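Biologist: Could you put the model up, so that we can go through the ring contacts and the helix packing together?

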Amino acid sequence: GSLPADWDTIKRVKQSLSIPVISNGNISSFEDVQKCLEYTGCDGVMSACGILINPGIFSEEGSKLEKGEMLRRYLDFAKKYKATKKQIQKHMFTFLKKELTGNLECHTKLLNLHLNASEDNTKPDEADFDDLYFIVNSLFPVESVEKET
């Protein structure tokens, strides 16, 4: 495992330097971002594991998104910016660790995404994205809004 970030040391480093300093570690929510910036005086923060668990971590709006909506936006970006099957699969397994437990159909669809790739840089096709959206919509159904007539 990793050691917790020492914000006191990061604060001293920031105070002793005239260049931008970026803090890294112990960031798992938007509130953590704000607390770290305030406490250390850093110019920014980084997150590795935290952002894989909560991709909305760096914005107030993103941190308030329902998980299903956040994942739909993630898939929209993955499609737009041509993420590979391997990248998407890794992120989705991390995002959905709890939800995939016991859901064999969704777990299998996600597992098969990368297994069906010929190379690590294989891009998903429309059928792959249909399966990915199916997974998200199965785990987080979109509530239908009835229109007033």
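Biologist: How many aromatic pairs does the count come to?
Modeller: The count comes to four aromatic pairs, where rings of Phe, Tyr and Trp (its six-membered ring) pair if their centres lie within 6.5 Å, with planes under 30 degrees apart called stacked, over 60 edge-to-face and the rest tilted. One of them joins Tyr74 and Phe95, which is edge-to-face because the ring centres are 5.0 Å apart and the planes stand at 85 degrees.

Biologist: What can I trust here?
Modeller: This is a predicted model, where local features need pLDDT of at least 70 and side-chain atom pairs count only at pLDDT 80 or more, while totals for chains, interfaces and linings use all residues. Residues are numbered from 1 along each chain as its sequence is written, and side-chain values use heavy atoms, with hydrogens and water left out.

Biologist: Is Phe95 buried or exposed?
Modeller: Phe95 is buried, with a relative accessible area of 4%, and Tyr74 is buried as well, at 16%; buried means under 20% relative accessible area, exposed over 50% and partly exposed in between (1.4 Å probe, protein chains only).

Biologist: Changing topic, which charged end sits over the ring of Phe129?
Modeller: That is the charged end of Lys79, 5.4 Å from the ring centre, the rule being that NZ of Lys or CZ of Arg is within 6 Å of the centre and within 35 degrees of the ring normal. Phe129 itself counts as buried, at 4% relative accessibility.

Biologist: And where does Lys109 lie?
Modeller: Lys109 lies over the face of Phe134, at 5.0 Å from the ring centre.
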